[in-house]
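Work through the exercises below with the sequence and the model at hand. Try each task before reading its solution.

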Amino acid sequence: MEKTITARTGNEAMAEAMRQINPDVCAAYPITPATEIMQIFAGFVNDGRVKTNLITVESEHSAMSACVGSAAAGARTMTATSSQGLALMHEILFIASGIRLPIVMADVNRALSAPINIHCDHSDTMAERDSGWIQIFSENTQEAYDSMLQANRIAEHKDVITPVMVTTDGFIISHGMERLEMYPDAEVQKFVGEYKPQYTVLDVDHPITVGSLVLTDYYLEYKKAQHEAMKAAKRVILEVGKEFGKTFGREYGLIETYKADDADFILVAMGSTAGTAKAAIEELRQEGIKAGLLKIRVFRPFPAEEIAAVLTKAKAVAVLDRCESMSNQAGPVATEVKAGLYDAGVKVPLASYIYGLGGREIYIEDIKNVYRELKNIAEGKLKPEQAKYIGLKE
Amino acid sequence: MSKDMMEIRWHGRGGQGAKTAALLLGEAAISAGKYVQAFPEYGPERMGAPVAAFDRIASKEITIHSPVLKPDVVLVLDETLTESVDVAHGLSEETGVLIVNTPYSKAEVQARVKWNGKKLITIDASKIAQANIGKAIPNTPMIGALLGAVDILPLEAFMEDTRKKLEKKFKSKPEVIEGNLKAIRAAYEEVKKS
């Protein structure tokens, strides 16, 4: 297969993925730092390079509402947003997942107001972690592109039929230009395949009810069905990731480990910081510290067993959260990791950290310090803290 | 930081093309088979305000996603920035390279930047741009100066890639394309000679 080596930002990569997927409908409203995705995609629509019906609306609430209508009608539907935009969609996100509409959304992680901030953290995406959407995080531009190409297959799978959001870190990835390997349009289209919805409201020969009132009689069963779909999603994400690897050369799973096999100290991170951690690990290994990384790619469904299986071998574990859940305990990632370890019967010293809120930079040295703290924790010189802030100004 | 990777910081004022220069260089390096990151520093975006942009260029995958702290090369598109911005911040006096667009002498610039490195290069890129492009936009000749000063990318590889980029952007203005290419070469040769 002839791959094209290009230079692309995360936003450009996501727009290119959408061009290759050529969805039936996109409904979107602009918001920094995701605006470019739809701006570039609108160019593709204008130039006739996609056949998508692009609906420009007056708010994100309307964007997601239009996506719900279009997906219910059986159209392959996509959108993009960030931060306040995602928050404004909140109400409709639950409707999309509850009605079981396989919408795919690019989401650029950005802090939530107040104070107003346009930079990266995971607060917006984490606030929607219980919305019933599958959530996939990207370390870099390549992963953003690759995960977008897998998202429709996952969302539309008959055992899943659940919406998917693929996220990048605002500005760091969305506006950072990196080397991107793109695959030929025809090969991508073959992989993504034609969308054949099982049920649509427009199929008059097989009438269905969508968005009905379900009270004490069956609401619980609806939620259990979603619960089962999320369980199935784990398997389907792995299947699609494997097939993607066979087709395009890069395999994807629920998690990725880096030098974790023989690691004494393992750091758990998501998104672009996982890459910085890899660079920190390289330096620490030269200093004789056995450092390793567990990157969570898929946050929903949460790969608790897979994470516990990796962390069970560690002497100490650190979890980095780019989100503050104000629980006085730990950020959302650390809380879920700890719950998973408890269920697996794994008792490992675990310290949790909050970092990078509102785009605060995180450097190799910050991450190396976390590993040094883990070493001290393992040696009994330091007690593990929870929700410890990194990079705070004195 | 391993030196398999070159880190570059651009200083300019909003509108001078610091980000464009970082992207142009990055794209050309990717065409030449390198791994690259190119990204601007995002603050309030205003014409004339100090801005910075960065490149990382390496022969293998770059995983780090944080700003450049210790650049190997710093380029200053507007020498008046030296009054308000510590342009040499993090730049080694032993191995670092500082390239400043200025009509003034090396000694005058050295006094202002408070940096005593050996590899200070001064070039009047605005004048070169004015003469060749007809506009004092110094970003493309500064890339020429960079390629003349540091061995990261062959000039011809950069010229070929940039010609393609400019041909797309300035279809109706061939004089802009030729002007930019001439300006890049002129700055490259001036640095090579000195």
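The exercises go from the contact between the chains to sheets, and then to helices.

This is a predicted model, in which local features need pLDDT of at least 70 and side-chain atom pairs count only at pLDDT 80 or more, while totals for chains, interfaces and linings use all residues. Residues are numbered from 1 along each chain as its sequence is written, and chains are lettered from A and ligands numbered from 1 in the order in which they are written.

**Exercise 1. The contact between the chains**

Task: Find how many residues of chain A are in contact with chain B, and which element of chain A gives the most.

Solution. Step 1: two residues are in contact if their C-beta atoms, placed from the backbone, lie within 7 Å. By that rule, 19 residues of chain A are in contact with 16 residues of chain B.

Step 2: helices (H or I, at least four residues) and strands (E, at least two) are DSSP runs, numbered from the N terminus. In chain A, β1, β8 (177–182) and α9 (273–286) each supply at least two residues of the side that touches chain B. The most comes from α9(A), with five residues.

Step 3: sort the residues by class. Ala, Val, Leu, Ile, Met, Phe, Trp, Tyr, Cys and Pro count as nonpolar, Asp, Glu, Lys and Arg as charged, and the others, Gly among them, as polar. The side of chain A that touches chain B has nine nonpolar, six polar and four charged residues.

**Exercise 2. A sheet with strands of both chains**

Task: Give the strand order of the open sheet of eight strands, and name its edge strands.

Solution. Step 1: two strands pair if DSSP finds at least two bridges between them. The order is β1(A)-β8(A)-β2(B)-β3(B)-β1(B)-β4(B)-β5(B)-β6(B), and the pairing is mixed.

Step 2: β1 (4–9) of chain A and β6 (119–123) of chain B are the edge strands, each pairing on one side only. From one strand to the next, the twist averages 20°.

Step 3: look at β2(B). Two bridges pair β8(A) with β2(B) in the antiparallel sense, and A:M177 stands opposite B:A38 of β2(B). Strand β2 (residues 35–40) of chain B is also joined by six bridges to strand β3 (residues 50–58) of chain B, again running antiparallel. There B:P40 stands opposite B:A53 of β3(B).

**Exercise 3. A six-stranded sheet in chain A**

Task: Find which strands stand at the edges of this sheet, and how many residues of β10(A) are buried.

Solution. Step 1: the open sheet has the order β9-β11-β10-β13-β14-β15 (chain A), with mixed pairing. At the edges stand β9 (255–258) and β15 (388–389) of chain A; each has a single partner strand, so one side of each is left without a neighbour in the sheet.

Step 2: a residue is buried if 20 or more other C-beta atoms lie within 10 Å of its own, exposed if 12 or fewer, and partly exposed in between, with C-beta atoms placed from the backbone. Five of the five residues of strand β10 (residues 265–269) of chain A are buried. A:F265, A:L267 and A:A269 point one way, and A:I266 and A:V268 the other way.

Step 3: follow the pairings. β10(A) is parallel to strand β11 (residues 291–296) of chain A over five bridges, with A:F265 opposite A:A291. Strands β13 (residues 316–321) and β14 (residues 350–354) of chain A also run parallel, joined by five bridges, and A:D321 stands opposite A:I354.

**Exercise 4. Helix α3 of chain B and its partners**

Task: Describe how α3(B) packs with α4(B) and with α6(B).

Solution. Step 1: axes are lines fitted to C-alpha atoms, for helices over the stretch in contact, and angles run from 0 to 180 degrees between N-to-C directions. Helix α3 (residues 125–132) and helix α4 (residues 139–149) of chain B pack at about 120°, with their axes 8 Å apart. The contact is made by B:A125, B:I128 and B:A129 of α3(B) and B:P141, B:M142 and B:A145 of α4(B). By class, this contact of α3(B) with α4(B) has six nonpolar, no polar and no charged residues.

Step 2: the axes of α3(B) and helix α6 (residues 174–193) of chain B come within 9 Å and cross at roughly 145°. The contact of α3(B) with α6(B) has six nonpolar, two polar and one charged residue.
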